[in-house]
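Please open the model in your viewer and keep the sequence panel beside it. The stops below are meant to be selected in order.

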Amino acid sequence: MSLIKWRDEFSVGIEEVDHEHRELIELINGLHDVMQVGADQVQVVDLLGEIYAQIASHFALEEKMMRETHYADYLIHKEDHETLLDDLRDIMDEVEDDGTFD
């Protein structure tokens, strides 16, 4: 069973961004699925690394688009991106260091 299901309300109306959002949901659901069946530490670390890389790349695209369109809340949105990446990195470090991923 999927953890996250794509809903139309997730759409931002930019095909490239929406496509990447769908891909990220698939990666997150894939991690959830393998954890449900007893993934080991290596699998979880690898999948978290892939998710991290995809999110970082996606945020770079979003931030580029925001700069190009002079998005008024760019700095706030960029800070949100950095916070999420920091939180994900903390989770990755915890899994790598002691194997916990409950």
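Helices, as the word is used on this tour, are DSSP runs of H or I with at least four residues, numbered from the N terminus. The coordinates come from a predicted model, and every stop should be read with that in mind.

With that definition in hand, select His70, which lies just after α2 and takes a positive phi of about 55°. Then move to the other end of the helix and display Asp40 together with Val42: at the start of α2, a side-chain oxygen of Asp40 comes to within 3.1 Å of the backbone nitrogen of Val42.

Now select the whole of α2, residues 41-68. The helix has 28 residues and spans 40 Å from its first C-alpha to its last, close to the 40 Å expected at 1.5 Å a residue.

Add α3, residues 74-98, to the selection, and look along the pair: the two helices pack at an angle of about 170°, with their axes 10 Å apart. Since angles over 145 degrees count as roughly antiparallel, α2 and α3 are therefore roughly antiparallel to each other. If you colour their contact by residue class, you should find 16 nonpolar, four polar and six charged residues.

Which residues of α2 are buried? Show as sticks Val44, Leu48, Ile51, Ile55, His58, Phe59, Leu61, Glu62, Glu63 and Met66, which make up the buried set of this helix. What covers them includes α3 and also α1, residues 15-36, so display both of these helices around the sticks.

From that set, centre the view on His58, which belongs to α2. Its relative accessible area is 1%, and because buried means under 20%, His58 is counted as buried. Two polar contacts can be drawn from the His58 side chain: one, of 2.9 Å, goes to the side chain of His21, and another, of 2.7 Å, goes to the side chain of Glu62. Setting aside neighbours within four places in sequence, His58 is in contact with Val17, Glu20, His21 and Leu24.

For the last stop, select Ile4, in the segment before α1. Is Ile4 buried or partly exposed? With a relative accessibility of 26%, Ile4 counts as partly exposed. Apart from residues up to four places away in sequence, Ile4 touches Phe10, Ile25, Ile28 and Asn29. A distance drawn from C-alpha to C-alpha between Ile4 and Ile55 should read 16 Å, for two residues that are 51 apart in sequence.

How values were computed: Residues are numbered from 1 along each chain as its sequence is written. This is a predicted model: local features need pLDDT of at least 70, side-chain atom pairs count only at pLDDT 80 or more; totals for chains, interfaces and linings use all residues. Side-chain values use heavy atoms; hydrogens and water are left out. Axes are lines fitted to C-alpha atoms, for helices over the stretch in contact, and angles run from 0 to 180 degrees between N-to-C directions. Angles under 35 degrees count as roughly parallel, over 145 as roughly antiparallel, 65 to 115 as roughly perpendicular and the rest as oblique. Ala, Val, Leu, Ile, Met, Phe, Trp, Tyr, Cys and Pro count as nonpolar, Asp, Glu, Lys and Arg as charged, and the others, Gly among them, as polar. The expected span of a helix is 1.5 Å times one less than its number of residues. Buried means under 20% relative accessible area, exposed over 50%, partly exposed in between (1.4 Å probe, protein chains only). Contact means heavy atoms within 4.5 Å. A polar contact is a pair of N or O atoms within 3.5 Å; within protein, one must be able to donate a hydrogen and the other to accept it, and residues adjacent in sequence count only if both atoms are side-chain atoms.
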